[in-house]
Amino acid sequence: MKNIFIKTTGLIMTGLIIANLFVVISGIVISDEINNFEKKTDSLHKVNLTLEKEVANLGSLKFAQEQAKEFGFTNSTAPQYIDQLKYAYVK
Amino acid sequence: MKIKLIFLIFIAFYVALVVRLFFLQVLYSPSNKSVYLKTNKLNPIRGRIYDQKDQSLVLNQNSYQLYVEPKKVKDKDKLLHLLSESLKVEEASISPKLDMSKDWVAIASGLTQEQKEKLDKLNLKEIGFDYQTKRFYPEASLSAHILGFLGKDSEGEDVGYLGLEGFYNRDLRGLPGFVETERDIAGRPILIGVQQRVEAENGRDLILTIDKNIQEISKRRLLEGLEKYKAKKGCIITADPKTMAILSLVCLPDYDLEKYYLFNENFYKNLAISDLYEPGSVFKPLIVAAALEEKKIKPSDTFNETGQISVGEYNIKTWNDKYEGKISMTRILEKSSNVGMVYIGEKLGNKKIYNYLEKYGFGQNTGIDLEGEASGYLKPQNNWYPIDYATVTFGQGIAVTPIQMIRAFASIINGGDLMKPYIVQKIVSNNKTTEIKPKVERKIISRSTSDIIRKMLVSTVENAEAKWDRPKGFSIGGKTGTAQVPIKGFYDASKTIASFIGFAPASDPKFLTFVVIYEPQTSIWGSETAAPLFFEIAKDLIVYYNISPTQ
C-alpha cells in the first residue's frame, strides 16, 4: 500500500514537473514570438511611413516641376493662353 | 527515516522560500514597479493634412534622436570627430552637449533613417537612438501660413502653433495609449502576469478646401508680382464666393516649415488674417451695394461731379483731381470717384452706413479656422465724426483684415449671404468622417441687388480708366484699391497698399480672388500693380477651371 502511494506520488510529481517545464518553455517561445511581432509591427510602421513619404513625393508639384525642368519643358514650351476661345466654336 | 529527512529538508526550503517571498512582496515590495512591470506609452500618430483632392500637404515621417551615454565613452575626441563627420555639424557645436558627468545626453534630433543607418555602421557602443516622428511637407512651404508648424511646449510635448496645426491641435494630436506588461529578466512578457493595453487614438486627418494647384499658381504669381513691382510683401486669397471655402491663401514672405526655428517671428504672421489695413477703394462696392439695397440709389441715377467737396475742415477730391460733371452711379465705381462715394454715403445716411459695416462683419472675427486671426476695430458709433462717415465710403478711416474684406465682398456677389470662411471641409478619424458645411452668417442684401452690383463691377473692369491685359471673351468683375499707409497720424503718399478684388465668370462666379500688395515701388496704384497681377491669375484659373468664354 505504502509502495503504491510512493510510486503514485512520484509519477504525479514527475508528470507535474514535465507539465511545468512544458508550460515554461511554451511561455518563453510565445513571449519571444510576441517580442518579434512587436518589433515587426514597429518596423512595418516605419516602412509604411517611408513609403507614404515616397508616394507623396512622387505626386508632389515640387517633383513635377523638377521633372519638367529636367526634360526641358519650361525652356522650349512656354504655355500659350488662348485669349479668344470663342473662335474655336465658330462653325 | 531518510524519506522523512528529505521531506523535512524540502519543507524547510519551502518555508524559507515562502518567508523570502513574503519579505520581497509584502514587507519590502519594490516601490519601483519598473523592475518587473514595463509600461510603454503608445504615442498616437498625428493627423495628416490633405488638400481638397486628397493630395498630401502634411504627413508624418520617421525620425530619430541621437543620444550618447558619456559613461561608456572611451575616446571623446574620436567620438566627436565621427559624429561631426556623420551629422555634418561642427565639432564645436556637439562638444558642449557632451557632458561627461551625465549618464545620458541628447546630441541631435530629427535625424533621418539614412543618417541613422550611417551612424549604425560605425558600431559605436556609446551612442543610441530614440524613435520619434516628425512632420513632413511634400510641397515644402507652399502653404506655410495655412498649415502652421509643430513645435514643443514647456514639457517637451508636441504642440501645433498657428494656422491649422494650432487651430486643430486637439483633433490632430490624438490621445496616447499605454501598454503595461510584466516582463522576465530577459524582457520577455510573462503571460500569466499583468497584461494591460489601452490603444492610442490616432489624430484625425484634415481634408482642406485648398486646391494645391491654385495655391501653386497664386504663390508663383505673387512671387513674380512682388519682384516686378518691387513690393515689400503681399497676399493673395482665392475663395469660392458662394460658400467662402478658401481655395488658396498665400502670403509672402513666408518661412520654411521644416526649419521654422531659423525664422524671425514676424515671418510667422499670416497677413491675410491678422494684418489690419485701410482697404481703400475696394471698399466702395460694399457701400454702393448697401445704398442699392436701401433703395437710396439706382445704377442709372446721376451725380454732378463738379469738383472737390468739403466735409468740415477737410477737402475731399478724386484720385487725379479731375471731374466729369454728370455721372451715373456705375460711373462713380468705374472712375473710383471719392467725391461720388461721399454723395452715395450721404444718401445712405450715417446710421445705415454704420449698420452695414456691422452687418458686413467688420470689427468681428470672421471665425476662419486658422489660429491667429485679428478681429479688426470698428470704433463705437458715438466716436464717429462727420469726416469718418465721409471717408469710410471710399475705404479710409477703417481697419480691416484681408479675410474680412474678401468675405464682405463675396456677400455682395453671391446673392447677398455673408458666409463664414473655412479651410477644413472634412475631419476624418478611424471610424467617422465629419463634414463641415458652408455656413450662412446672415443675409445682407437681396439677390436682385447682388445681380445689379455684379453687373456694375463688370462695367467697372471694362470701363476703368486703366486698361489691362484681360483674358478676352470672359466677363470679369472687380475693383481696384489704393490705400495710403497711416504713419504717426499722417498719410505717407509714397507708401500705399495696392489691391484688386475680382471674380469670374461674372454671371455665376467660380472664383473670387483678392490681391493685396504692400508698398509697391514701381507704381503706388492698385490699377498698375495688383490689377495686372489679378488678371494673370485669372487667366491661369480660367484655363484651370476650363471656363468657357461668354462674350
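Reader: Which residues have the most contacts inside the largest nonpolar core?

Author: This is a predicted model. Its largest nonpolar core has 125 residues. H17(B) gives the most to this core, with 9 residues. The residues with the most contacts inside the core are B:Leu164, B:Ile237, B:Val288, B:Ile344, B:Ile406 and B:Ile423.

Reader: What does B:Ile344 touch?

Author: Set aside residues up to four places away in sequence. The list then includes one residue already named for its contacts in the core, B:Val288. In full, B:Ile344 touches B:Ile287, B:Ala291, B:Ile297, B:Met329, B:Ile332, B:Thr393 and B:Val288.

Reader: How many residues are in the second core?

Author: This core is separate from the largest one. Among its members are B:Leu66, B:Val68, B:Leu111 and B:Leu119. The second core has 6 residues.

Reader: Where on helix H13 of chain B do the buried residues sit?

Author: H13(B) spans residues 350–359, and B:Ile353, B:Tyr356, B:Leu357 and B:Lys359 are buried there. They cover an arc of only 160° around the axis, which means they share a side. A helix has 3.6 residues a turn, so residues three or four places apart point the same way. The buried four are on the same side of H13(B).

Reader: Which residues are exposed on the other side of H13(B)?

Author: The buried residues of H13(B) have cover that includes H10, H12, H14 and E20 of chain B. The other side of H13(B) has exposed residues. They are B:Lys351 and B:Glu358.

Reader: Which residue with a positive phi follows H13(B)?

Author: Look just past the helix, which covers residues 350–359. The phi there is positive, near 90°. The residue is B:Gly361.

Reader: Which strands stand at the edges of the sheet E12-E11-E23-E22-E21 in chain B?

Author: This open sheet has 5 strands, with antiparallel pairing. Neighbours are turned by 15° against each other on average, direction ignored. An edge strand has a single partner, so one of its sides is left without a neighbour in the sheet. The edge strands are E12 (245–252) and E21 (477–487) of chain B.

Reader: What is the bridge partner of B:Gly234 in E12(B)?

Author: Strand E11 of chain B covers residues 233–240. E11(B) pairs with E12(B) in the antiparallel sense over 7 bridges. In E12(B), the partner of B:Gly234 is B:Leu252.

Reader: At what angle does helix H16 of chain B run to E21(B)?

Author: Helix H16 of chain B covers residues 447–462. H16 lies across E21 and E22 of chain B. Its angle to E21(B) is about 75°.

Reader: Which residue in E9(B) stands opposite B:Phe178?

Author: Start with the open sheet of 3 strands, E1-E8-E9 of chain B, where pairing is antiparallel. E1 and E9 are its edge strands. E8(B) and E9(B) pair over 4 bridges. Opposite B:Phe178 stands B:Val198.

Reader: Is B:Val194 buried, exposed or partly exposed?

Author: B:Val194 is in the loop between E8 and E9 of chain B. Beyond its neighbours within four places in sequence, B:Val194 is in contact with B:Leu37, B:Glu180, B:Thr181 and B:Glu182. Buried needs 20 or more other C-beta atoms within 10 Å, and exposed needs 12 or fewer. B:Val194 has 14, so this residue is partly exposed.

Reader: What is the bridge partner of B:Leu206 in E18(B)?

Author: B:Leu206 is buried and points the other way from B:Asp205 and B:Ile207 in strand E10 of chain B. E10(B) pairs with E2(B) in the parallel sense, and B:Ile49 stands opposite B:Leu206. E10(B) also runs antiparallel to E18(B), joined by 4 bridges. In E18(B), the partner of B:Leu206 is B:Ile427.

Reader: Which element gives the largest share of the side of chain B that touches chain A?

Author: The contact takes 23 residues from chain B and 23 residues from chain A. On the chain B side, E3, H8 and H17 each give two or more residues. The chain B residues divide into 9 nonpolar, 8 polar and 6 charged. The largest share, 5 residues, comes from E3(B).

Reader: What pattern does chain A follow along the sequence?

Author: Chain A has 91 residues, of which 2% count as buried. There are 4 helices and 0 strands in this chain. The pattern is α-α-α-α.

How values were computed. Residues are numbered from 1 along each chain as its sequence is written. Chains are lettered from A and ligands numbered from 1 in the order in which they are written. This is a predicted model: local features need pLDDT of at least 70, side-chain atom pairs count only at pLDDT 80 or more; totals for chains, interfaces and linings use all residues. The arc is that of the directions from the helix axis to the C-beta atoms. Two residues are in contact if their C-beta atoms, placed from the backbone, lie within 7 Å. Ala, Val, Leu, Ile, Met, Phe, Trp, Tyr, Cys and Pro count as nonpolar, Asp, Glu, Lys and Arg as charged, and the others, Gly among them, as polar. Two strands pair if DSSP finds at least two bridges between them. Axes are lines fitted to C-alpha atoms, for helices over the stretch in contact, and angles run from 0 to 180 degrees between N-to-C directions. A nonpolar core is a set of buried Ala, Val, Leu, Ile, Met, Phe, Trp, Tyr and Cys residues joined through C-beta atoms within 7 Å.
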